[in-house]
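Hi,

Here is the structure I said I would pass on. Have a look at it first, and my notes on what turned up follow below.

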Amino acid sequence: MIQLSKAAVTEIKRIQSKQSNPNVWFRLGVETGGCAGWYYTMAFDEQCNPDDLICECDGVQVTVDSRFLDYLNGLTVDYSQDLMGGGFRFHNPKAAKTCGCGNSFSIVESSTP
């Protein structure tokens with residue numbers, strides 16, 4: 001379903017440890033907008049909904065609303081640092097086109113979640 005690189009796991013755990021409740025879920029999603037039509041969302045959530053899909057990646061509980069699975073299935077999230085700072089990188093095999101920012105994408109399907 002979803003893959004997290006070791007660097008992404010380390011960064012997510014670092015950020016998660018600073019939350020008021022460190023036992024939160026790491027939620028991935030998409031929203032309409034961005035340069036290419038869709039953009040990725042990430043948040044920490046204290047709730048897991050009945051229609052959420054959950055996977056575990058090296059101790060990180062990843063939650064995805066089932067409405068977004070068609071957009072995120074097969075996604076790999078990485079984290080890297082460069083001279084401009086650090087950031088999450090998304091590698092989505094379903095993306096037909098991506099924006100230069102790397103956070104916005106489009107897919108061939110025309111349905112919306």
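**The two cysteines**

Let me start with Cys-57, which is buried because its relative accessible area is 9%, under the 20% cut-off. Before you read too much into any of this, please keep in mind that the model is predicted. Cys-57 takes part in no disulfide, and the nearest cysteine sulfur, the one on Cys-55, sits 4.3 Å away. Cys-55 is buried as well, at a relative accessible area of 14%. A disulfide is a covalent bond between the sulfur atoms of two cysteines. The cut-off used here is 2.5 Å between the sulfurs, so the 4.3 Å from Cys-55 to Cys-57 does not qualify. The disulfide count for the structure is therefore zero.

**The overall layout**

The protein has two helices and nine strands. Going along the sequence, they come in the order β-α-β-β-β-β-α-β-β-β-β. Of the 113 residues, 35% are buried. Taking contacts with a separation of 6 or more, 53% are between residues 24 or more positions apart.

**The nonpolar core**

Which residues touch the most other members of the largest nonpolar core? They are Leu-4, Leu-28, Val-62 and Leu-72, out of 25 residues in that core. Contributions come from many elements: H1, E2 (25-33), E3 (37-45), E4 (52-57), E5 (60-65), H2 (69-72), E6 (76-82) and E7 (85-91) each supply at least two residues.

Leu-72 is a good one to click on. Leaving out residues up to four places away in sequence, Leu-72 touches Met-1, Ile-2, Leu-28, Gly-29, Val-30, Tyr-40 and Val-64.

**Helix H1 and Glu-11**

Helix H1 covers residues 6-17, and its length checks out. With twelve residues at 1.5 Å a residue, the helix should span 16 Å, and the end C-alpha atoms are indeed 16 Å apart, so the two agree. The buried residues in H1 are Ala-8, Val-9, Glu-11, Ile-12 and Gln-16.

Glu-11 is worth a closer look. Its relative accessibility is 11%, so Glu-11 counts as buried. Setting aside neighbours within four places in sequence, Glu-11 is in contact with Tyr-79 and Phe-88.

**Aromatic pairs**

Those two contacts of Glu-11 lead on to the rings. A pair of aromatic rings is described by the distance of the centres and the angle of the planes. There are three aromatic pairs in the structure, and here are two of them.

- Phe-26 and Phe-44 have ring centres 5.9 Å apart and planes at 55 degrees, so this pair is tilted. Phe-26 belongs to strand E2 and Phe-44 to strand E3, 18 residues apart, and the pair links distant parts of the chain. Phe-26 counts as buried at 4% relative accessibility, whereas Phe-44, at 25%, counts as partly exposed.
- Tyr-79 and Phe-88 make an edge-to-face pair, with 5.1 Å from centre to centre and 65 degrees between the planes. Tyr-79 is buried at 15% relative accessibility, and Phe-88 is buried at 15% too.

**Ser-5 and its neighbours**

Ser-5 sits in the loop between strand E1 (3-4) and H1. Is Ser-5 buried or partly exposed? At 17% relative accessibility, which is under the 20% cut-off, Ser-5 counts as buried. The side chain of Ser-5 makes a polar contact with the side chain of Asp-78, at 2.6 Å. Not counting neighbours within four places in sequence, Ser-5 is in contact with Val-77, Asp-78 and Tyr-79, and Tyr-79 is also one of the residues that Glu-11 contacts.

**One backbone angle to check**

Most residues other than glycine have a negative phi. Asp-58, though, has a phi near 50 degrees, a positive value in a residue other than glycine. Where does Asp-58 lie? You will find Asp-58 in the loop between E4 and E5. Asp-58 counts as partly exposed, with 45% relative accessibility.

That is everything from my side for now.

Cheers

Conventions
Residues numbered from 1 in each chain as written. Predicted model: local features only at pLDDT ≥ 70, side-chain atom pairs only at ≥ 80, totals over all residues. Heavy atoms only, no water. Helix = DSSP H or I, 4+ residues; strand = E, 2+ residues; numbered from the N terminus. Expected span 1.5 Å × (residues − 1). Buried < 20%, exposed > 50% of the residue type's maximum accessible area, 1.4 Å probe, protein only. Contact = heavy atoms within 4.5 Å. Core = buried A, V, L, I, M, F, W, Y, C linked by side-chain atoms within 4.5 Å. Phe/Tyr/Trp six-rings, centres within 6.5 Å; stacked < 30°, edge-to-face > 60°. Polar contact = N/O pair within 3.5 Å; in protein donor to acceptor, adjacent residues only side chain to side chain.
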